[in-house]
Amino acid sequence: ARTVYLKDYRAPDYLIDHTDLHFDLEPQATLVKSRLKVRRNPEAINAGEKTLPPLWLDGVDLELLSIAIDGKLLPAQRYHEGEGGLTLDVETPEFELEVHTRIAPEANTSLEGLYLSNGMYCTQCEAEGFRKITYYPDRPDVMSVFTTTIVAPSKYPVLLANGNKVDSGTTEDGRLRVTWEDPFAKPSYLFALVAGDLQYVEDSFTTASGREVKLQLFTEPKNIRKCDHAMISLKHAMRWDEEVYGREYDLDVFMIVAVDHFNMGAMENKGLNIFNSACVLASPETATDGAFQRIESIVAHEYFHNWSGNRVTCRDWFQLSLKEGFTVFRDAEFSADMNSRAVKRIEDVSLLRTAQFSEDAGPMAHPVRPDSYMEISNFYTLTIYEKGAEVVRMIHTLLGPEAFRRGSDLYFERHDGSAVTCEDFICAMEDANNADLRQFRRWYEQAGTPVLTVTDQYDEASATYRLTIAQRTPATPGQTEKPPLHIPVSIGLIGADGRDLPLDDSGKTSTVLNLTEAEQTFTFSNIPHAPLPSLLRGFSAPVKLHYGYSEDQLLFLMQHDSDAFNRWDASRRLAIKALESLQAQYRDGSEMTEPAALIKGLSAVLENAALDPALVAMMLALPSAQELAEECEVVDAGAIIAARKFARNSLANALSAPLLARYQQLDQRKPYRPVADDIAERSLKNTCLGYLCATLDPSSLDLARLQLQRDENMTDVAAALGALVEYAPREEAEKYLGAFYDQWQQDTQVVENWFLLQSGSASFGTLERVRELMQHPAFEITNPNKVRSVISGFASRNFTQFHREDGSGYRFLAEQVSVLDKLNPQIAARLVIPLTHWKKYCDHESARMRAALQGIMDAGELSRDLYEVVSKSLA
Ligand code: DPP
Ligand code: ZN
C-alpha cells in the first residue's frame, strides 16, 4: 500500500469557489450531480509556468456518468480514470465543471460516504468519505461554499444538509425537494446530508450578541423522549464557549441527528452534527450516569469544533490534532466546569495511561503530528486526541489562563476561514504573549511516553531541598534519538504536619518547574525540615514518573496531599505496588499475601466522610488489567488476572464492614438526577456493592437482588445486574439477564449494554457465550456498536477470557477481523488492536497472538486500513 508523507505536502493546484450538489436519492442508484466553480490556485503557480497542470479529483466506488466543462461534454481523451480518482486536462484557469455519478447507498457497509441506517440516509465524510459521494478534490485545504439540493420520495419527509434551508417544494412526479445553502466555506469532510422519516425536538439559544439560534435534535420517532439531556448539554456548551473562549455560534440553526450505524462517536459537520445514537440518546430509565456524562462531553466536543475545526480547519490530515487535541482539551475543561474537576481529570488520565501509553509503546506509535500514514482513518487515535489534548493543556499550564486566551483569540482571528497547521497554533500562542515555545514543539514531533526519574536531597544545615529530575523518552518505530522535551512539572512540598510548605517568599505552595534538560536540579531554600514531594500535580505532563515512595509515604499522601489528583495517584501507586508483588508471588508459585498497606489506606479513605465520594470510589477501584499490563515489562496475563482477583477478594473481606456501612448510608433512594453530587454518591455506593458481592456472602448478594428489583434508574440497575452476573450462581444470573432483555429489547442502547455486560464479564463472557451472542437476533455484524459491544467487549474488556491459555480468544478475534474487513475496514482495523501488542506478552501468549495476526495477513487481500495495522505490528 502507498504511504503518504507530510514532507510531500503541496498546496492544491486548483481551488473550488463554489460547490453545487444535487442528489436524487434511491437506495441502489442515487444520482449525484455536482457543479463546481474551479479556479487555478494562485499560490500554486510556478514561476514561468506555460501550461496548466491537470486537475486531480478523488473518487472511490463511483459510477461515472458524464463530465462536462463549461456546459460541454468532455471527450474521453481529455480525462482518465485511475486508481482512486481521475485526472482532467485543463485548458483555462477558471471553468465550471459538471460531473454526474451514480452510487449505491444501500450496498455501502463501510459507513463512509452516503449510506443507509435503519432506512435513513446519512453521510460520514471525515476523513476521506466525500470521494465516495462524487469526484472532488477531497482534501481539507480546498474550502468551498456549498449549496445542496436533495430530492427524495415522500416517505423521507425530513431532508437535511449543512447551513440554512433556502428553498423547498415538490417535483412534478410528487417527490420532495429541499435546498440548503452553507455560507461558510468548508472542506468536503464537513459536508453532511440526512434524509429520513424523523421527528425532532426543538429549542432555541440567544447568543451573547443577541442572535436567536434554532436548535433541533432529530431521531427516529421511538427515541424522541431520549433527547432532553443532549439538548440541555448543547445549550450549556454554547454558553460556555462564549464565556470561556469568546466564541459565538454563526448560523441560524444548529441541528443534531442520531443514527444507529456509525463508525465514530459523532461528527461535527457544519450546522448538522451527526451522532452515534449511543452518544446522544439518554433517559434515566435507560442510560447510566456514565452515558449521561459521555453525552454531555461529546455534544460539547462536536459543538466546539464549530470554531476549533470548522471555522479554522486543518491544512492536511497530518495536522489532525490541531483540531482534535485542542477540542478535546476544550471539552475536558467544559466537563470539569460542569462537574467535578478532579474526577474528570482522573478519568482522563486513566484513559491516557491505559490506552494511550500502550499505543505510544506499540507498533503503531506515532507523534501527535505524524509524518506518514497509509490510511488516515487509522490515525484517529488516543495519541492524536488525548495526548494531543495534553500537549495543549501543557501550553495552558506554561502560559497561564489569561495568556492562553490571548493566544486562542489571536489564533481564531488570524486564521478564520482557513486551513492551517499545528505550527500556526503554536505561533499564535507565542506571538500573543511574546513566549518562546521552540523546544516545546518537540512534543508534536516525538512519539513515545517520556519517563521522569526523580531523586531528592535535603540539607539541614542550609535548610535547602534539592529535587533532581531526569527525563528520557524510549525509542519508537522510526525514531531512535529523542532530545529532551520542555516539560512543565507542577509540584508542592508537604511538611511533617501534612500541610503544604511555602515554596518562596510569596508564600505559594505549588509551582511549575520548567524541565528542559536531560537532567536538571531545582533548589528550594528556607525549607525547615525534610519535606515529602508531591510530584506532577494535576498530572501536569503526559509522562511516567518514578520516585522511590515508600508505602508509608504513599499512605501519607493519600491522606494529606492538597492536590486531589495526587491523593488519588498515591492510592494508585500503592495498588500497583501491591498488585506487582502479588503477580511476582503468583509467578514464583508462592502463596499470595494480603496487601496490608493498601487495605490500611483504603480503610482510612472509606471512613473519611469529608472526601468526595467519587474520589473515594476511584481510590477503591483497582487499576484495570489493561492498565497493569501497561506497567509491565513483560506481560503475564495469567499473573495479572490472579493478582487482581486475589487483591479484590482481600479488600472485599478485610473492608466488608465499612463497605457495608457506606453502602447503606448512600442508598438514599432519592429521585434520579444526573448531576455531579448524585453521580458521585451512586458511584461509591455501587463500588461498595461490587466489593460486597465479591465476598459471595449471601446477604450481600441480597443487596444486589433488591437493588435490581427496585428498578429505580439504569445506573443502579446495571451495577446490580453486573454484580450478580459476576457473583451470583450461574442459573440465577441467566434468569436476570433474560428478564432484563425481555424488559428492554425495544431499546437499542440498553441492548448494547446488555451485550457488553456479558461479553466483558470475566466469569460469564466465555468464548462460547460470545459466539452465542453473535447469533442473537439483536446482533448485527454491520452495526459497529453491536460489534463493539460483543466482540470488542470480549477482546478489550475481558482480559480473563480473551487471554485464555489455549489461544482460542486470539483465533476468534482474528477470524472476526477478517470477516469485518470485507464489510467495514475502519472497524476491522480497530478491532484488531488487542492482538498488535503481542511483543509485550510472555512467550506462550506472545506466540499465539502473533500467529493469529499472521493468520489475518495470510487470509487474503486486506483493506488498506487493516493492512497498515497488521503489517506494522508484524514488522
Ligand atoms: N467526529 C470525530 C470527532 O469529533 C472526528 N472529527 O472527534
Ligand atoms: Zn473531534
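Biologist: UniProt positions here use the numbering of this model, feature names are shortened, and annotations may be inferred rather than shown by experiment. Which residues does UniProt list for "domain: Peptidase M1 alanyl aminopeptidase C-terminal"?

Modeller: The unreviewed entry lists residues 552-875. This is a predicted model, in which local features need pLDDT of at least 70 and side-chain atom pairs count only at pLDDT 80 or more, while totals for chains, interfaces and linings use all residues. Residues are numbered from 1 along each chain as its sequence is written, and chains are lettered from A and ligands numbered from 1 in the order in which they are written.

Biologist: What is the helix and strand content of residues 552-875?

Modeller: That span is 75% helix and 0% strand (DSSP runs of H or I, at least four residues, and of E, at least two, numbered from the N terminus). Its end C-alpha atoms lie 44 Å apart.

Biologist: How far apart are the end C-alpha atoms of helix H10?

Modeller: They are 37 Å apart in H10, residues 564-588. This agrees with the expected 36 Å, because 25 residues are counted at 1.5 Å each (1.5 Å times one less than the number of residues). Gly 589 follows H10 and has a positive phi, near 75°.

Biologist: Is Met 849 buried or exposed?

Modeller: Met 849, in helix H27 (residues 843-858), is buried because 26 other C-beta atoms lie within 10 Å (the cut-off for buried is 20 or more). Met 849 touches Tyr 810, Leu 835, Trp 838 and Tyr 841, not counting residues up to four places away in sequence (contact: C-beta atoms, placed from the backbone, within 7 Å). Leu 813 is 36 residues from Met 849 in sequence and 9.9 Å from it in space, C-alpha to C-alpha.

Biologist: Turning to the ligand, which residues are around ligand 1?

Modeller: They are Glu 126, Met 264, Ala 266, Met 267, Glu 268, His 301, Glu 302, His 305 and Glu 324 (C-beta atom, placed from the backbone, within 6 Å of the ligand). Strand S20 (266-267) and helix H2 (289-304) each supply at least two residues of this shell.

Biologist: How many residues of each class does that shell have?

Modeller: The shell has three nonpolar, two polar and four charged residues. Met and Ala count as nonpolar, Glu as charged and His as polar.

Biologist: And how do H3 and H4 pack?

Modeller: H3 (residues 320-338) and H4 (residues 341-360) pack at an angle of about 140°, with their axes 7 Å apart (lines fitted to C-alpha atoms over the stretch in contact; angles run from 0 to 180 degrees between N-to-C directions). Ala 332, Ser 335 and Ala 336 in H3 meet Arg 341, Lys 344, Arg 345 and Asp 348 in H4. By class, that contact has two nonpolar, one polar and four charged residues.

Conventions:
Contact = placed C-beta atoms within 7 Å. Buried ≥ 20, exposed ≤ 12 C-beta atoms within 10 Å, placed from the backbone.
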